[in-house]
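Please study the structure shown below together with its sequence. The paragraphs that follow lead through it one region at a time.

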Amino acid sequence: MCGIFAYTGKSGKDAGKVLLQGLVSLEYRGYDSAGIFTPESGSIKTPGAVAELKKKVPKKFNGKSGIAHLRWATHGEPTKVNAHPHSDCQGEIWIVHNGIIENFKELKDKLTKAGHTFVSESDTEVFAHLVEEKLKKAKSAKGGFEKAAVAALKEIRGTYGMAIQYKGEPEKLIAARMGSPIVLGVGKHERFIASDASPILPHTKKVIFLEDGEVAVITPDTHTVYKLEGSRVSRKPEEIEWTAQQAQKGGYEHFMLKEIMEGAEVIENTLRGRLIPEKGLAKLGGLEGVAKQLAKIDRIIIVACGTAYYAGLVGEYMLEEHAGIPVEVELGSEFRYRKPVINEKTVVLAISQSGETLDTLEAVREGKRRGALTLGIVNTVGSTIARETDAGVYNHAGPEIGVASTKAFVSQLVALTLLTVFLGRQRGMQPSEGKKIARELKALPAKAQKIFKGKGAIEKLARKYSEARDFLFIGRKYNYPVAFEGALKLKEISYIHAEGCGAGEMKHGPLAMIDEKFPTMALAPSDSVYEKVFSAIQQIKARKGPVVAIATEGNKEIGKVADDVLYVPETLEMLMPILSVIPLQLFAYYFARNKGYNVDRPRNLAKSVTVE
Ligand code: F6R
């Protein structure tokens, strides 16, 4: 996720100021680098957030139009040179982009051969050169810039929300959308393009939401929307009553809810360009350099903290069952003080959303000192863990603002599945199995959407159990770690006692706590351990404990025993945690929200734990 903002006007406002002010409200979308361009004053880019950019922009930086960007890195480190806006060879065409151009490598090769010079590692820069190339051919014809931009858009694959500016026609801006949001703002003698309405709202409440495959051309007094293939779209501006803050949250009350609801998109983003379904293979560019070494490793130690640790536990089950590699999962805080036995055939794999968690980082360093190959599954490009590991896989989940990790967990599980296929296929996983996993991975976003549709029922359930002071979460095999994650979500934002437990462990102690006031959330999908979990539910019911079951659609039996059932669509056993965690995240969210707590910033916690 990145944030883009563009302005053109003749209302007397200074584009430089409008753009900088707008970036502040987009900051939740990315904060590892920022940049601004106006045809009058040129471009300024910097690593870091808007505050850094503001320091660098001189007072006399101004203009009547311009484009600006906040980056959440995907391709290339968050450096000044990789920051947007990107331009062509002549500095005539300028682009800000949110998304990923998947075929950028082949386009870059073609354009390099045609004489273009690239200065960054960014996929976006390719697009500026592509428009330049098209413009060379179209310049004489009327509407050359527009034609060139459209021709270039037709050649790229991937996702984009973009704004394009050409110095030759400085009043005109072009916007395009495919998979990443674009909102047009329609003011008096001024027009805007943005990733969401928040930077537009101080200027106008009239907006047009672009749809995928649409292009818009704006000038201070006009806006035209059409489909990429050419037909005109007539869409009247709508008035929105959101505040800028509501707009940042996409209309949701909290970032946490927004981020849970992004789950389907996050699955797609983590998968994008990384599966070859027809061959049953995973293509992980970040691991290519160490692929030969990985073929020889005989053990993986996953190190992580909190939610990322629970993702690691699911990874252990996947990697051992489907890739045949022995795996251990350790809390970073424990690993770093032990004397682990490690050799050059050991991989230490760190999982971290922020890439800055000190205990996980120190565990990586300890692994390195002992000669292990270190890998990362990290969401934040250029973070310390991403830089210090030998190789890795980025999540591409976008910034997570809510302190309670939700979409990052989903994305970590998807990345671990890809790693399982990658390593499994090196070790005799059959193509048919790889294909089956790939097929099911691709089907997950639609299945996640189905769960989101039922969120009303989960909200109701959270109200029903609102008086509970304790909550037990049970699960087995792949859903054993999910039980712990469900409990962590509930306790960290609602401050009640919640604990995870293996369903098979109940009779070894926890069953003693159960009475009519102690509810249990039981993860009971129809998998290889369903019967066992079902029997644990019966034991709880025999002690009068209320039970909410998470079950696979179509299971009618469970409703006769459990007090309440939340259904999830069927999928492979190994992939079920990606779906089964969603109702638990939503339950925790509604439970805490009903208590009136600040779910995005729970007390005593920080988003990134960079201290011991
Ligand atoms: C829980 C949560 C934390 C983090 C943990 C690791 O909701 O957010 O438990 O998962 O602090 O953080 P990262 O993934 O940034 O290393």
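E133 has a relative accessible area of 17%, and E133 therefore counts as buried, since buried means under 20%. In this model, which is a predicted one, E133 forms a salt bridge with K136, and the closest N and O atoms of the pair are 3.2 Å apart. Both residues belong to helix α4, which covers residues 123-138; because they are 3 residues apart in that helix, about one helical turn separates them. The two partners differ in their surroundings: K136 is exposed, because its relative accessible area is 53% and exposed means over 50%, whereas E133 is buried at 17%.

Other salt bridges may be set beside this one. By the rule applied here, the structure has a count of 34 salt bridges. One of them joins K10 to D221, with 2.8 Å between the closest N and O atoms. This pair links distant parts of the chain, its members being 211 residues apart. K10 is found in the loop between β1 (3-9) and α1 (15-25), while D221 is found in the loop between β12 (214-219) and β13 (222-227). D221 has a relative accessibility of 35% and so counts as partly exposed, a class that lies between the limits of 20% and 50%.

A further salt bridge is formed by the side chains of E262 and K258, where the distance from N to O is 2.9 Å. In this case both E262 and K258 are buried. Salt bridges can also share partners: in this way E211, E214, K227 and R235 are joined into one network.

The next topic is a set of paired strands. Strand β6 consists of residues 93-101, and 9 of its 9 residues are buried, so that the strand is mostly covered. Strand β5, residues 86-87, runs antiparallel to β6 and is joined to it by 2 bridges. Within this pairing, S87 stands opposite W94 of β6. The hairpin made by β5 and β6 has 5 residues between the strands, and in this hairpin G91 takes a positive phi near 70 degrees. Strand β6 also pairs with strand β7 (residues 158-166), again in the antiparallel sense, and here the pairing extends over 9 bridges. In this second pairing, I100 is the residue that stands opposite T159 in β7.

With which residues does the side chain of S65 make a polar contact of 2.9 Å? The partner is the side chain of Q165. S65 itself lies in strand β4, which runs over residues 65-71. Its relative accessibility is 2%, and S65 therefore counts as buried. The side chain of S65 also reaches the backbone oxygen of P170, at 2.8 Å. When neighbours within four places in sequence are left aside, the residues in contact with S65 are Y7, T8, A15, F37, T38, P39, E40, Q165 and P170. Thus Q165 and P170 appear in this list of contacts as well as in the polar interactions of the S65 side chain, with Q165 at 2.9 Å and P170 at 2.8 Å.

A second buried position is offered by a leucine in a helix. L107 lies in helix α3, residues 104-113. Its relative accessible area is 5%, which means that L107 is buried. Apart from neighbours within four places in sequence, L107 is in contact with V126, L130, E155 and I156. One of these, L130, is 23 residues away along the chain, yet the C-alpha atoms of L107 and L130 are separated by 8.0 Å.

The final topic is the ligand. Which residues come nearest to the ligand? Among the 14 residues around it, S352, Q353, S354, T357 and E492 are the nearest. Several of these can be described by distance. In the side chain of S352, an N or O atom is 2.6 Å from an oxygen atom of the ligand. For S354, the corresponding distance between a side-chain N or O atom and a ligand oxygen is 2.6 Å. In T357, a polar side-chain atom lies 2.4 Å from an oxygen atom of the ligand. Taken alone, the ligand exposes 400 Å², and the protein buries 89% of that area. Two elements, α10 (306-323) and α17 (480-494), give two or more residues to the shell around the ligand.

Technical notes
Residues numbered from 1 in each chain as written. Predicted model: local features only at pLDDT ≥ 70, side-chain atom pairs only at ≥ 80, totals over all residues. Heavy atoms only, no water. Helix = DSSP H or I, 4+ residues; strand = E, 2+ residues; numbered from the N terminus. Buried < 20%, exposed > 50% of the residue type's maximum accessible area, 1.4 Å probe, protein only. Contact = heavy atoms within 4.5 Å. Salt bridge = Lys/Arg side-chain N within 4 Å of Asp/Glu carboxyl O. Pairing = 2+ DSSP bridges. Polar contact = N/O pair within 3.5 Å; in protein donor to acceptor, adjacent residues only side chain to side chain. Near = heavy atom within 4 Å. Areas by Shrake-Rupley, 256 points an atom, 1.4 Å probe, with all protein chains shown as cover.
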